[in-house]
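This briefing looks at how nonpolar side chains and charged pairs are arranged in one protein chain. Please keep the sequence and the model open while reading.

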Amino acid sequence: MHDYVIGIDQSYTRTGITVLKNKEVVEMFSLDYEYCKNNSEKRTALENTLHEMVLDHNITNPLVITERIRLRSQGFLSEAYIKATGALIATIIDFFHYYNEIPVYSVDTRSWKSQIIGNSKPLDNPYGINPEKFRTILYLRDKGLLRYIVEEYKGRGKKGIIDVKIDGQRVPCKINDDLADSYCIAMYGFLPKSKQKLKEEMF
């Protein structure tokens, strides 16, 4: 059993990363690629972020888990999605290999949702939050971790916005669901091996 587990919910829109030590949060953050012009720059930004993270926390032998590539995106087989996401995961694999020959594993979305949250089915809600993500958000809320995934919202939109009590006051917030997913992916690494369905990625 590893002391550290790093869960990564990777995408080119926003990547959520959670570092846990003995199930306790060491760091949770997301990479928004704010200044990146293309996918190449986003992969470089992800590599640089991972490098800073392992050095900041002196992480030497973690269990690293990413979300497995979905062969059917948006209900159909997407060659562009598979190639782009494969390149992003390869960036993670290469970084950890050259850092300390650390293997990288992937987990299927349905597996971590059913094992960690208890249910992988979408859940409708009155807030306009993606039903695919709502159970994960409730899970973190119930664990007292909502503060890690809320971002104060000052716009005028209503969809996906919820009021969160911060310092005794209700504040409109957006939820960083990618960060919530990364936490659950990291927690998956602390399950007994008999319940894990991890695959080492070596492409």
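A residue is called buried here when its relative accessible area is under 20%, exposed when that area is over 50%, and partly exposed in between. The coordinates belong to a predicted model, and the values below are computed from it. By the burial cut-off, both K133 and D177 are buried, although their side chains meet in a salt bridge; that pair is taken up again below, after the nonpolar cores.

**Nonpolar cores**

- The largest nonpolar core has 33 residues, and those with the most contacts inside it are Y139, L140, I149, I175, Y183 and C184.
- The elements that give two or more residues to this core are the strands β4 (63–67), β9 (161–166) and β10 (169–175), together with the helices α3 (109–117), α4 (131–142) and α5 (177–188).
- Of these elements, α5 gives the most to the core, with eight residues.
- I149, one of the residues with the most contacts inside the core, touches M28, I137, L140, K174, I175, N176, L179 and A180 when residues up to four places away in sequence are not counted.
- A second core, separate from the largest one, has 24 residues, and Y4, L46, I92 and V104 are among them.
- As general background, nonpolar side chains in soluble globular proteins tend to be buried together.

**Salt bridge between two helices**

- A search of the whole structure finds eight salt bridges, one of which joins the side chains of K133 and D177 at 3.8 Å, N to O.
- This pair links distant parts of the chain, since K133 lies in helix α4 and D177 in helix α5, 44 residues apart.
- Salt bridges that share partners join K133 and D177 with R14, D178 and D181 into one network.

**Salt bridges with accessible partners**

- The side chains of D108 and R110 meet in a salt bridge at 3.1 Å, N to O.
- Where does each partner of this pair fall, buried or exposed? D108 counts as partly exposed because its relative accessible area is 24%, whereas R110 is exposed, with a relative accessible area of 59%.
- The side chains of D142 and R141 also meet in a salt bridge, at 3.0 Å, N to O.
- In this second pair, D142 counts as exposed because its relative accessibility is 56%, while R141, at 46% relative accessibility, counts as partly exposed.
- In general terms, side chains of opposite charge can pair when their charged atoms come close.

Note on methods
Residues numbered from 1 in each chain as written. Predicted model: local features only at pLDDT ≥ 70, side-chain atom pairs only at ≥ 80, totals over all residues. Heavy atoms only, no water. Core = buried A, V, L, I, M, F, W, Y, C linked by side-chain atoms within 4.5 Å. Buried < 20%, exposed > 50% of the residue type's maximum accessible area, 1.4 Å probe, protein only. Helix = DSSP H or I, 4+ residues; strand = E, 2+ residues; numbered from the N terminus. Contact = heavy atoms within 4.5 Å. Salt bridge = Lys/Arg side-chain N within 4 Å of Asp/Glu carboxyl O.
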